[in-house]
Amino acid sequence: MTSVADDRPAPRSRPVRRAREGQARGLFMALPPIVLIALFIGFPIVLAFLFSLGYTGGLNRTIALIGQNVHHANGGTPTLGAYSDLFSDQRFLGDLVVTVVVTLVSTTVVILLATTIGLYLKCRGGILGKVLSALAVIPLFIPVVIASWAILGFYSADGFLHSVAAQFGVEFPIWSFTMVTVIIGSVWTSLPFATLLVSSGLQSVPQAMIDAARDAGASFFRVVTSVLVPMAGVPIVIATTFTAIGTLGSFTVPYFTGPNSPNMLGVDMSNYFSAFNQPQQSVVMAFVVFAIASGIAAVYVWANFRSAKESGAV
C-alpha cells in the first residue's frame, strides 16, 4: 500500500497562537479607556474646533443660537472671524502676553527652588535639608482656594507684611490683586510636585561619579553643572513642562488673587463664556492655550524619548 503525502498545512505552533491571543486580550483591555477618551475628550474637541471655524449646525446649533457675536461659515467654507476678532482685540493680546510672562517667571522660579532644594539634599542633607523638603511639599495638603485667599490677605494693605513693616516706618508694597500675587500663588501650587520630581532625579545620580569629579579637582559649581544637572536633566525637563502647562491653564489662583485686567487666559475664557456670552471667542482662546501647551508638551515627549533611548528601550 502506498502512502499519500498529507498536503495540509502544519498547524500553527502554540507560542504563536498564544502571542496573538495575548495581543487581542491586551487590545480588548485597553479599548474601554480609549473609547471613553474618544467620546468624552476627543469628540468634544473636534466639535469645539469646528465651532471656532464657524460650523454652527448639528450639536453646535444650540450654543450658536444663545451666544453673541457668533461667526457662521459660508456653506462649507470655514471662517476665521472669531480668530480675527480676538487677535485684533488689545485686551486679549495683553492678557496673552501676561499669561506667557507669568508662565515663564513662575516656571523659572519653581525649577530654581526645586533644583536648589534637591542639590542641598544630595550634597549636604542633614536636618536642614529634610526641613526644606518637608516645607516644599506642604502645599500639597492645602487646598488651592484656601491658599489663594491666604496669599491675598498676607500681601494686602492690612496684611501681615504691611503691618510688620509699618511698625518700623517702612511702606511695604501692596501686592494683592496684582500679577505678583498670581506668580506667588503659582509658585506655591507648583513647587511640591517639581521638588519631588527634581529631587528624585538628583538622588538617582551615582555618588561614585560625584566623588570621581571631586577627585579630579572639580569645584562644587563644576560638579553641579557638569555632573548633577546633566544627569538629572530628563526629570528636570519633565518637571519644567508640567509646571509650565499647569501654570498656563490655571484658573483658581489668577481668579482669586489677580486683577480684573490684565489677567490670565484661564480667567478670560470663563469671562467670555459666561459674563460676555461669547462662547466662540472663548473656544478660540482655549485653542490658543492648547497650541502653546502643545509646544511645551513636545519638549516633554522629547525628554521621555531621550530617557527611553538612554535606557535602551528604544
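The legends below describe close-up views of a predicted model.

**View 1. Arg91, Asp95 and Asp268 are linked in a network of salt bridges.** The count of salt bridges in the model comes to two. One joins Arg91 to Asp95, with the closest N and O atoms 3.9 Å apart. Because Arg91 and Asp95 are four residues apart in helix H4, about one helical turn separates them. In the other, the side chains of Arg91 and Asp268 meet at 3.6 Å, N to O. Arg91 belongs to helix H4 and Asp268 to helix H13, so this pair ties together parts that are 177 residues apart in sequence. Side chains of opposite charge can pair when their charged atoms come close. Arg91 is partly exposed, at 30% relative accessibility. Asp95 counts as buried because its relative accessibility is 1%, and Asp268 is likewise buried at 1%.

**View 2. Helix H13 carries a set of buried residues and is followed by a positive phi.** The buried residues in H13 are Leu265, Gly266, Val267, Asp268, Met269 and Tyr272. Asp268 is also part of the salt-bridge network with Arg91 and Asp95. Just after H13, Asn277 takes a positive phi of about 55 degrees. Asn277 is a residue other than glycine and sits in the loop between H13 and helix H14 (279-311). With a relative accessible area of 22%, Asn277 is partly exposed.

**View 3. A cis peptide bond links Ser261 to Pro262.** The omega angle of this bond is near -5 degrees. Pro262 is located in the loop that runs between helix H12 (252-257) and helix H13 (265-275).

**View 4. Asn69 has a positive phi in the loop between helices H2 and H3.** Its phi is near 55 degrees, and the residue is not a glycine. The loop lies between helix H2 (61-66) and helix H3 (81-87). Asn69 counts as partly exposed because its relative accessibility is 40%.

**View 5. Helices H4 and H10 pack at an angle of about 110 degrees.** Their axes are 13 Å apart. The angle makes H4 roughly perpendicular to H10, where H10 covers residues 220-231. On the H4 side, the residues that meet H10 are Leu119, Lys122 and Cys123. On the H10 side, the partners are Phe220, Val224 and Leu228.

**View 6. Thr115 is a buried residue of helix H4.** Helix H4 spans residues 90-123. Thr115 counts as buried because its relative accessibility is 12%. When neighbours within four places in sequence are left aside, Thr115 is in contact with Val198 and Leu202.

**View 7. Val205 is buried in the loop between helices H8 and H9.** The flanking helices are H8 (179-203) and H9 (207-215). Val205 counts as buried because its relative accessibility is 3%. With neighbours within four places in sequence left aside, the residues in contact with Val205 are Lys122, Ile210, Val227, Leu228, Met231 and Ala232. Lys122 and Leu228 also take part where H4 meets H10. Val205 and Ile236 are 31 residues apart in sequence, and their C-alpha atoms are 13 Å apart in space.

**View 8. Nine residues, among them Val35, make a nonpolar surface patch.** The area of this patch is about 860 Å². Its members are Leu31, Ile34, Val35, Leu36, Ile37, Leu39, Phe40, Ile41 and Ile45. Val35 is placed in helix H1, which spans residues 14-52. Val35 counts as partly exposed because its relative accessibility is 38%. That value can be set against the cut-off for patch residues, which is over 30% relative accessible area.

Notes. Residues are numbered from 1 along each chain as its sequence is written. This is a predicted model: local features need pLDDT of at least 70, side-chain atom pairs count only at pLDDT 80 or more; totals for chains, interfaces and linings use all residues. Side-chain values use heavy atoms; hydrogens and water are left out. Patches are made of residues with over 30% relative accessible area and no salt bridge: like charges are joined within 9 Å, nonpolar side chains (Val, Leu, Ile, Met, Phe, Trp, Tyr) within 5 Å. Accessible areas come from the Shrake-Rupley method with a 1.4 Å probe; for residues, only the protein chains shown count as cover. A salt bridge is a side-chain nitrogen of Lys or Arg within 4 Å of a carboxyl oxygen of Asp or Glu. Helices (H or I, at least four residues) and strands (E, at least two) are DSSP runs, numbered from the N terminus. Buried means under 20% relative accessible area, exposed over 50%, partly exposed in between (1.4 Å probe, protein chains only). Contact means heavy atoms within 4.5 Å. Axes are lines fitted to C-alpha atoms, for helices over the stretch in contact, and angles run from 0 to 180 degrees between N-to-C directions. Angles under 35 degrees count as roughly parallel, over 145 as roughly antiparallel, 65 to 115 as roughly perpendicular and the rest as oblique.
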